[in-house]
Amino acid sequence: LRKVIFDTDPGVDDAMALLFLHHAPEVELAGITTTFGNGTIDQTTFNALYIAERFGIAAPVARGAGAPLVGAAMAPPDFVHGRNALGDVALPAQLRARADPRPAYRFIIDAVRAAPHEISIVAVGRMTNLALTLREEPGIASLVKEIVVMGGAFGIAGVQGNVTPAAEANIIGDPEAADEIAAADWPITFVGLDVTQKTRMSTDFLADLAEKSGESGHFVWDISRFYEAFHQAGGVSSIYVHDSSAVAYFLKPELFTTRSGAIRVSTDGITRGMTVQKPDTLSYPPGAWDGRPSHRVCTSVDSDGLLDLYRSTL
Ligand code: BDR
Ligand code: CA
């Protein structure tokens, strides 16, 4: 089994991605770590515990950061994910499940130390927990098997940010953290808007899940009503597949093409949160990319293959 920690801010598409991992037969979910983002840290941690309890997911849930490394958190995007970040479906007032006593970064360090070179991390929220992990124990980077990040917009075929023209939500939510994790020498693949906006789930696709994928399919249908309405109000008829694209990369990287190179994240001015890669194949005068490790950025995706994988897994 392939061990993975899912770092997440559930979140409609986060919840869909968590169920994708949960149902993947080759995966052992070693933990769920939460971050602020689509909701406050209280809300996203509650939502992660709720999904774990409802779907019998045995992995511990460890509560993560409630604010970025620098400054205050942006207001949660309730117009995208609803006020409770799960599309405003009814949630119980209380849960039996409890969070792990450790903060997310400590949970990650302990898990990786206990199984060196075996644990991958799929990170689909702000990068704050990963940055805190590195700050606490820089040596951990060499012990993590692989990191897959949903985040960034790398300008492939003109794709721009979704919060500003320069920046994608997970990165602008904590640009300092994103720049720190990209500076570290651990193998990261960025699954950015360049590919996540290329794959869409239509109403028919979601209705088919509701019909054929049991409890998980019903839940995905229910939570995606609000999210779908947000997309449709913006003139996009079917929903973008953000966080599940990162899971799909983890499960089946051959669905994607990638490009290698050093990555910087802008922390200044109008480009704050912008992700920029210097492809290994290009050379420039000495600059901000020098001495940084190469990471992969997804440049294209087999969307039909990805949707088939999601459907068959659920
Ligand atoms: C990312 O931002 C969040 O709203 C989604 O869950 C996804 O991780 C897309 O920009
Ligand atoms: Ca997310």
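Here is a short chat about a predicted model for someone new to it.

Q: Hi! What pLDDT does the chain average?
A: Hello! This is a predicted model, and its chain averages a pLDDT of 97. As for the spread, 100% of the residues score at least 70.

Q: And what are the ipTM and pTM scores?
A: The model scores 0.98 for ipTM and 0.98 for pTM.

Q: Nice. Which feature does UniProt place at residues 4-307?
A: The record, an unreviewed entry, has "domain: Inosine/uridine-preferring nucleoside hydrolase" there.

Q: How much helix and strand is there over residues 4-307?
A: That stretch is 37% helix and 18% strand. Its end C-alpha atoms lie 21 Å apart.

Q: Let's turn to ligand 1. How many residues surround it?
A: There are 13 residues around ligand 1. The closest are Gly11, Asp13, Val124, Ala169 and His242.

Q: Which helices each supply at least two residues of that shell?
A: Helix H1, at 12-23, and helix H6, at 169-172, each do so.

Q: What classes of residue make up the shell around ligand 1?
A: By class, you'll find five polar, four nonpolar and four charged residues.

Q: New topic: how many residues does helix H2 have?
A: H2 has 15 residues, running over 41-55. From first C-alpha to last it reaches 21 Å, close to the 21 Å expected at 1.5 Å a residue.

Q: Which residues in H2 are buried?
A: Among them are Ile41, Phe46, Leu49 and Ile51. Some others on the buried list are Gln43, Thr44, Thr45 and Asn47.

Q: So what covers the buried residues of H2?
A: The cover includes H1 along with three strands: S1 (2-8), S2 (27-34) and S3 (61-62).

Q: What comes just after H2?
A: That's where Gly56 sits, with a positive phi of about 65°.

Q: How about helix H11, why is it largely enclosed by the rest of the structure?
A: Because nine of the nine residues of H11, residues 243-251, are buried. They include Asp243, Ser244, Tyr249 and Phe250.

Q: One last residue: where is Asp304 found?
A: Asp304 is in helix H12, which covers residues 303-313.

Q: Is Asp304 buried or exposed?
A: Asp304 counts as exposed, because it has 10 C-beta neighbours inside 10 Å and the cut-off for exposed is 12 or fewer.

Q: And how far apart are Asp304 and Thr199?
A: In sequence, Asp304 and Thr199 are 105 residues apart. In space, their C-alpha atoms are 8.0 Å apart.

Note on methods
Residues numbered from 1 in each chain as written. Chains lettered and ligands numbered in written order. Predicted model: local features only at pLDDT ≥ 70, side-chain atom pairs only at ≥ 80, totals over all residues. Near = placed C-beta within 6 Å. Helix = DSSP H or I, 4+ residues; strand = E, 2+ residues; numbered from the N terminus. Nonpolar A, V, L, I, M, F, W, Y, C, P; charged D, E, K, R; others polar. Expected span 1.5 Å × (residues − 1). Buried ≥ 20, exposed ≤ 12 C-beta atoms within 10 Å, placed from the backbone. Contact = placed C-beta atoms within 7 Å. UniProt positions renumbered as here; feature names shortened; annotations may be inferred. pLDDT = per-residue confidence, 0-100.
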